[in-house]
Amino acid sequence: MRIVLASGSPSRKQILEQAGIRPHIHPADVDEDTLIARYGSEPMVVEKLAQAKAEAVAAHYPGDVVIGCDSMLLLDGELQGKPHTVDNTIARWQQQRGKRAELITGHHIIGPERTYTGTSRTTVYFGTPTDADIAAYARSGEPLKCAGAFTLEAMGGWFIDRIDGDPSSVIGLSLPLVRQALYDFGINVSELW
């Protein structure tokens with residue numbers, strides 16, 4: 001049995017590898033915009049996106065554990081996904097600097113005989129980077145494909161004052177939540193090391 005990650009995210013892969021698991025990577029081909037339009041902008045949309053990703057690849061891996069994840073930032077009552085462009089990233093950072101927001105990461109985990117769905121919420125306290133640092137960070141390309149337009153574990157870490165909650169979920173995959181899913185499936189984490 002192995003862990004299959006239905007994501008091409010290098011951060012999610014790194015979390016699992018640093019925790020002793022070498023996942024098989026199979027990015028899901030899911031139309032996120034259509035799903036967001038269908039489920040709206042409620043926080044549960046991250047679980048629906050995670051479910052769609054896991055289900056899109058699970059048929060290829062019977063008997064394995066397939067993990068689908070999706071993250072969004074809840075800032076000022078609005079869910080925000082990936083900024084995709086330098087201009088959007090700059091605008092996001094100008095809006096979020098100095099504020100507190102909630103990073104929501106949905107998980108859908110398909111085991112050999114059952115599924116587990118859950119969400120991890122972590123409060124993020126943004127620092128107050130200068131306009132020059134915001135522009136340079138946006139031009140680096142790092143935050144363009146990240147929920148909330150930042151990374152905690154790389155250059156974006158310079159601009160996060162603190163978090164309250166699960167640091168692994170901010171990076172993209174909650175180890176405590178995955179551990180609980182594995183236990184529900186009757187699998188010890190150490191069996192996968």
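Buried sites, cores and a helix pair in a predicted model

Serine 174 is buried, having a relative accessible area of 2%. The structure described here is a predicted model, and this serine makes a handy place to start. Serine 174 sits in the loop that runs between α6 (167-171) and α7. Leaving out residues up to four places away in sequence, serine 174 touches His107, Ser120, Asp166, Ser168 and Ser169.

A second buried polar position comes with an annotation. An unreviewed UniProt entry lists Asp70 under "active site". Aspartate 70 belongs to strand β3, and because its relative accessibility is 3%, under the 20% limit, it counts as buried. Residues up to four places away in sequence again set aside, the surroundings of aspartate 70 are made up of Arg12, Glu32, Val46, Leu49, Ala50, Lys53, Ile104, Thr105 and Gly106, each of which it touches.

Attention can now turn to the nonpolar interior. In soluble globular proteins, nonpolar side chains tend to be buried together. The largest nonpolar core of this model holds 19 residues, and the members that touch the most others are Ile3, Val65, Ile67, Ile109, Leu173, Leu182 and Phe185. Two or more residues of this core are supplied by each of β1 (3-5), α1 (10-18), β3 (65-75) and α7 (175-184). Helix α7 gives the largest share, with four residues. Apart from this core lies another, of 15 residues, which includes Leu73, Tyr137, Ala149 and Ile160.

Phenylalanine 185, one of the well-connected members of the largest core, also merits a look at its own contacts. With neighbours within four places in sequence left aside, phenylalanine 185 is in contact with Val65, Ile109, Ile110, Gly111, Arg114, Thr115 and Tyr116. Val65 and Ile109 thus appear in this contact list and, like phenylalanine 185, among the residues that touch the most other members of the core.

Alanine 149, named above as part of the core of 15 residues, is found in the loop between α5 and β7 (160-164). The relative accessible area of alanine 149 is 0%, so this residue is buried. Its backbone is worth a glance too: alanine 149 has a positive phi of about 65°, although it is not a glycine. Aspartate 76, likewise not a glycine, has a positive phi of about 55°. The loop between β3 and β4 (78-80) is where aspartate 76 lies.

Next comes a helix pair. Two packed helices are described by the angle between their axes and the distance between the axes. For helix α4 (residues 86-96) and helix α5 (residues 131-140), the angle is about 145° and the axes are 9 Å apart. Their crossing is right-handed. On the α4 side, Val86, Thr89, Ile90, Trp93 and Gln94 make the contact, and on the α5 side Asp131, Ile134, Ala135, Tyr137, Ala138 and Arg139 do so. Sorted by character, the residues of this contact comprise seven nonpolar, two polar and two charged. Tyr137 of α5 takes part in this helix contact and is also a member of the core of 15 residues.

A last residue offers a view of the surface. Glutamine 18 is placed in helix α1, and because its relative accessibility is 64%, over the 50% limit, it counts as exposed. The C-alpha atom of glutamine 18 is separated by 16 Å from that of valine 4, a residue 14 places away along the chain.

Methods:
Residues are numbered from 1 along each chain as its sequence is written. This is a predicted model: local features need pLDDT of at least 70, side-chain atom pairs count only at pLDDT 80 or more; totals for chains, interfaces and linings use all residues. Side-chain values use heavy atoms; hydrogens and water are left out. A nonpolar core is a set of buried Ala, Val, Leu, Ile, Met, Phe, Trp, Tyr and Cys residues joined through side-chain atoms within 4.5 Å. Buried means under 20% relative accessible area, exposed over 50%, partly exposed in between (1.4 Å probe, protein chains only). Contact means heavy atoms within 4.5 Å. Axes are lines fitted to C-alpha atoms, for helices over the stretch in contact, and angles run from 0 to 180 degrees between N-to-C directions. A crossing is left-handed if the near helix is turned anticlockwise from the far one by less than a right angle, and right-handed if clockwise. Ala, Val, Leu, Ile, Met, Phe, Trp, Tyr, Cys and Pro count as nonpolar, Asp, Glu, Lys and Arg as charged, and the others, Gly among them, as polar. UniProt positions are given in the numbering used here, feature names are shortened, and annotations may be inferred rather than shown by experiment.
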